[in-house]
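Work through the exercises below with the model open. Try each task before you read its solution.

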Number of protein chains: 2
Amino acid sequence: MSTEDGARLGLRERKKRETRAMLSWAAVRLTVERGFDRVRVEDIAEAAGVSPRTFNNYFSSKAEAIVARHLDRTLRVAEMLRGRPASEPLWESIAHAARAQFEPPPEAVAHPVTDRRQWIAGVQLMVAEPAMQGEFLRAGALAEAEIAAAVAERTGTDVNRDLYPHLVAAAVTAAGNVAMQHWLRIGPPAEMEQLLSEALAQFAAGLPTP
Amino acid sequence: MSTEDGARLGLRERKKRETRAMLSWAAVRLTVERGFDRVRVEDIAEAAGVSPRTFNNYFSSKAEAIVARHLDRTLRVAEMLRGRPASEPLWESIAHAARAQFEPPPEAVAHPVTDRRQWIAGVQLMVAEPAMQGEFLRAGALAEAEIAAAVAERTGTDVNRDLYPHLVAAAVTAAGNVAMQHWLRIGPPAEMEQLLSEALAQFAAGLPTP
DNA sequence: AACAAAGTTGCGGACTGTGCATATTTGCAT
DNA sequence: ATGCAAATATGCACAGTCCGCAACTTTGTT
């Protein structure tokens, strides 16, 4: 779906996607600026130019709206993994695919952050919110199921019978999460992609004691 | 705290613990019997013999009450890990400690399930609930932070600087989750502990392709 | 026994999330 | 261009959740 040409989508579908993106972006921006508890569904809907009821047509909760872009990005990891050459070693494919989640989203390009340090501080507060953590992890689990399916396809295993694809998918998800948490803790100049590669390498090596 | 002698606790503290356990157990039981959306906070409070406002003094949400026992059990993994002999190889310690989460809780012993198949079906529905998944994973993340701290202690690494303890903790959490999901999917005669051991062994081996 | 600290409870209010019906927009066929 | 169907937006009402606050009850200390 995400690779479909916009020219082939009707107006209806295009408007749906735009509305979804606007709601999600508004949710992220307001939450980072003000804090989770200071943003109501009504505020998000207003910022996106729709009614609160419409917000609920798209998302069941505020946290779900905030996490939507993250979900999109992590689902793309499964998609990218499916697109890697079949002959490529699994962990090499994974390393390439996993990077997809850290590419800058369109909104970040369209709305450059003027105060980067403040933005990061806001993000840190946002991810520390219990409801956000739950939703964030739940999105990760959804993507993980897709990654497991992709791993099963590549390795000839069965998601309904074997632990393996699930364990690999869990490792990929964990690597991404640990890299991001580490980055939020340490901040620049650490690079997200480098942290991710390191984490994946440690999993592939069997997590030997340093 | 959990190892403290009950005789040393005041009435106040004892009653708090009992109330918490009653609320949590009532939440689990009613939800498994009726389904998540058919149980209100008021029902749980009534079943435990307290007011709804008191329920909220203990738990912020229904899901949190349901997941409380799981949180207790997974936190015990970190505790058990801290108690293993320092000379023991890390993954061996982990394998022993991780089993703690699958010991039958007191209530399960006190209230034997009469229809095991129906109970499992109810649990399956319960864990499929989105709010439950988020809370379940969030509890896992809390325990994971404790496990990471315990791993750091054993290996002389630093949770604020190194990825390693976090990655190991994530592997432990993932192994537990994957084992449980597999068990819920497959059911008896698969044994939870065996699945867990297998999952941990795969992580320690670097997740080689089968 | 008197008093302080901790915990329970009732109440009110803001907010969430959902079902339902109506209004509006888009797509399709003629 | 027009009429109609399908999809989407919106307003409304309501049950339920969660929290601040104050009054009451229970436990602990002196």
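**Exercise 1. Strand C**

Of the 18 residues around DNA strand C, which come nearest?

Step 1. Know the model. This is a predicted model, in which local features need pLDDT of at least 70, side-chain atom pairs count only at pLDDT 80 or more, and totals for chains, interfaces and linings use all residues. Residues are numbered from 1 along each chain as its sequence is written, chains are lettered from A and ligands numbered from 1 in the order in which they are written, and side-chain values use heavy atoms, with hydrogens and water left out.

Step 2. Apply the cut-off. A residue is near a strand if one of its heavy atoms lies within 4 Å of it.

Step 3. Read off the names. A:Leu11, A:Arg53, B:Lys16, B:Thr54 and B:Asn57 come nearest to DNA strand C. On the DNA side, sugar and phosphate account for 66% of the strand C atoms that come within 4 Å of the protein.

Step 4. Find the polar contacts (pairs of N or O atoms within 3.5 Å; within protein, one must be able to donate a hydrogen and the other to accept it, and residues adjacent in sequence count only if both atoms are side-chain atoms). A polar backbone atom of A:Leu11 is 2.7 Å from a phosphate oxygen of strand C. For A:Lys15, a polar side-chain atom lies 3.2 Å from a phosphate oxygen of this strand. From chain B, the side chain of B:Tyr58 has an N or O atom 3.0 Å from a phosphate oxygen of strand C.

Step 5. Place the residues on helices (DSSP runs of H or I, at least four residues, numbered from the N terminus). α1 (11–34) and α3 (52–58) of chain A, with α1 (11–34) and α3 (52–58) of chain B, each supply at least two residues of the surface near strand C. α3(B) gives the most, with four residues.

Step 6. Sort by class. Ala, Val, Leu, Ile, Met, Phe, Trp, Tyr, Cys and Pro count as nonpolar, Asp, Glu, Lys and Arg as charged, and the others, Gly among them, as polar. The surface near strand C divides into four nonpolar, seven polar and seven charged residues.

**Exercise 2. Strand D**

Which element gives the most to the surface near DNA strand D?

Step 1. List the nearest residues. Of the 19 around strand D, A:Lys16, A:Thr54, A:Asn57, B:Leu11 and B:Arg53 come nearest. Sugar and phosphate make up 65% of the strand D atoms within 4 Å of the protein.

Step 2. Check the distances. A polar side-chain atom of A:Thr54 lies 2.7 Å from a phosphate oxygen of strand D. The backbone of B:Leu11 has a polar atom 2.7 Å from a phosphate oxygen of strand D. A polar backbone atom of B:Ser60 is 3.0 Å from a sugar or linking oxygen of the strand.

Step 3. Name the elements. α1 and α3 of chain A and α1 and α3 of chain B give two or more residues to this surface. α3(A) gives the most, with four residues.

Step 4. Sort by class. Near strand D there are four nonpolar, seven polar and eight charged residues.

**Exercise 3. The two chains**

How many residues of chain B are in contact with chain A?

Step 1. Count. Contact means heavy atoms within 4.5 Å. 39 residues of chain B are in contact with 39 residues of chain A.

Step 2. Take the area. Buried area is the accessible area (1.4 Å probe) that two parts lose on being put together, summed over both. Between chain B and chain A it is about 3100 Å², with carbon and sulfur atoms giving 71%. In chain B, B:Leu163, B:Leu167 and B:Leu207 lose the most area to chain A, together 21% of what that side buries.

Step 3. Look for pairs. A salt bridge is a side-chain nitrogen of Lys or Arg within 4 Å of a carboxyl oxygen of Asp or Glu. The rule finds zero salt bridges across this interface. There are six residue pairs in polar contact, both residues at pLDDT 80 or more.

Step 4. Locate the touching side. α5 (90–98), α8 (130–155), α9 (164–186) and α10 (192–204) of chain B each give two or more residues. The largest share, 12 residues, comes from α9(B). By class, this side has 24 nonpolar, 10 polar and five charged residues.
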